Structures are given as structure tokens and as C-alpha cells.
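Reader: I am new to this structure and would like to examine its side-chain contacts. Please show it before we begin.

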Amino acid sequence: MAKTQDFTKVMQDMMASFPMDTSKFQGAFKSQAALGEKMSKVALDAAEKSAELSTKWTKDTIAKVGDLTTTKEEPADYAKAASDFASAAAEMASENMAAFAEIAKKVQMETVELMMAAGKDMSEEASASVKKATADMGAAAKKATSAAK
């Protein structure tokens, strides 16, 4: 039976000769966590504003329904009250939908700004990492070449 070579030592030596900077992984994790925190803040802020707007809309509608349900002197007054309620409801819907659209627009702009900033930061970090890795690999290759001579 042929004796096989143990590659464990070879692999350990090879991995030891490759420089590995784990701080880049930690930095990337921290950057991702910071981005997640900022994105969560944008989402939570939008949710809070939407909830406030919905609450206000509901209260305003209930107040208008209260006006609608009061006793009237003439039957025609009921028709007028219903017409006034429908007009007020349509106006409130238009105003509130515009307000919801503004909230969505703000979220979209903030999200794009965050993503652009994150992309720029990641690009700069990646460029610096590649330059450092290239220099380190060049040094390791020179060291390996000189050791082989």
C-alpha cells in the first residue's frame, strides 16, 4: 500500500502565509448594523406618522358622523346633512391621501439617500481592502519566492 502525503501541514502553512484582516469583517458587520438601524428609524418614523394621520382622520370622521346623527326639524335637513357629510368625507379623504403620499415620498427619498451613502462607503472600503490585499499578497509572494531560493 502506497504511503500518502499528509496535506494538513501543507494547508496550515499555506493558510498562515495568506494575510487575513478580520477587522474588515467586523467593520462590514458594524456598517450593516448601522445601515439597518437607520433604515429601521426611517420605517418607524413613517409608521408613527401614518398612525397619527389615521387617528386624526378617524377622529374627524367620527365628529362628522356625530353631526350627521343629530335630530333635524325638517326631512330635507337630513338630505342636506347627508350631502354635507359626503362632501366633507370626500375632502378629508383627498387631504389625507395627499398626506399619506407625502409620508411615502419622504420615506422613499430618505431610503435612496441612505442606500447611496452606504454604496459610496462600501465602494471606498472595498477599494481600500483590495489595495491592501494586493500589497499584502505581493509581499507574501516575494517572501515565498525568496524562501524557495
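Reader: Is K80 buried or exposed?

Author: This is a predicted model, in which local features need pLDDT of at least 70, side-chain atom pairs count only at pLDDT 80 or more, and totals for chains, interfaces and linings use all residues. Residues are numbered from 1 along each chain as its sequence is written, and side-chain values use heavy atoms, with hydrogens and water left out. Buried means under 20% relative accessible area, exposed over 50%, and partly exposed in between (1.4 Å probe, protein chains only). Since its relative accessibility is 51%, K80 counts as exposed.

Reader: With which residue does K80 form a salt bridge?

Author: A salt bridge requires a side-chain nitrogen of Lys or Arg within 4 Å of a carboxyl oxygen of Asp or Glu. In the bridge of K80, the closest N and O atoms are 2.9 Å apart. The partner is partly exposed, at 40%; it is D84.

Reader: How many residues apart in sequence are the parts that D45 and K106 tie together?

Author: The side chains of D45 and K106 meet in a salt bridge, 3.6 Å from N to O. D45 lies in helix α2 and K106 in helix α3 (helices, H or I, are DSSP runs of at least four residues, numbered from the N terminus). The pair therefore ties together parts whose separation in sequence is 61 residues.

Reader: Which residues are linked with D45 in a network of salt bridges?

Author: D45 also forms a salt bridge with K49, with the closest N and O atoms 3.4 Å apart. The network links D45 with K49, K106 and E110.

Note on methods:
Helix = DSSP H or I, 4+ residues; strand = E, 2+ residues; numbered from the N terminus.
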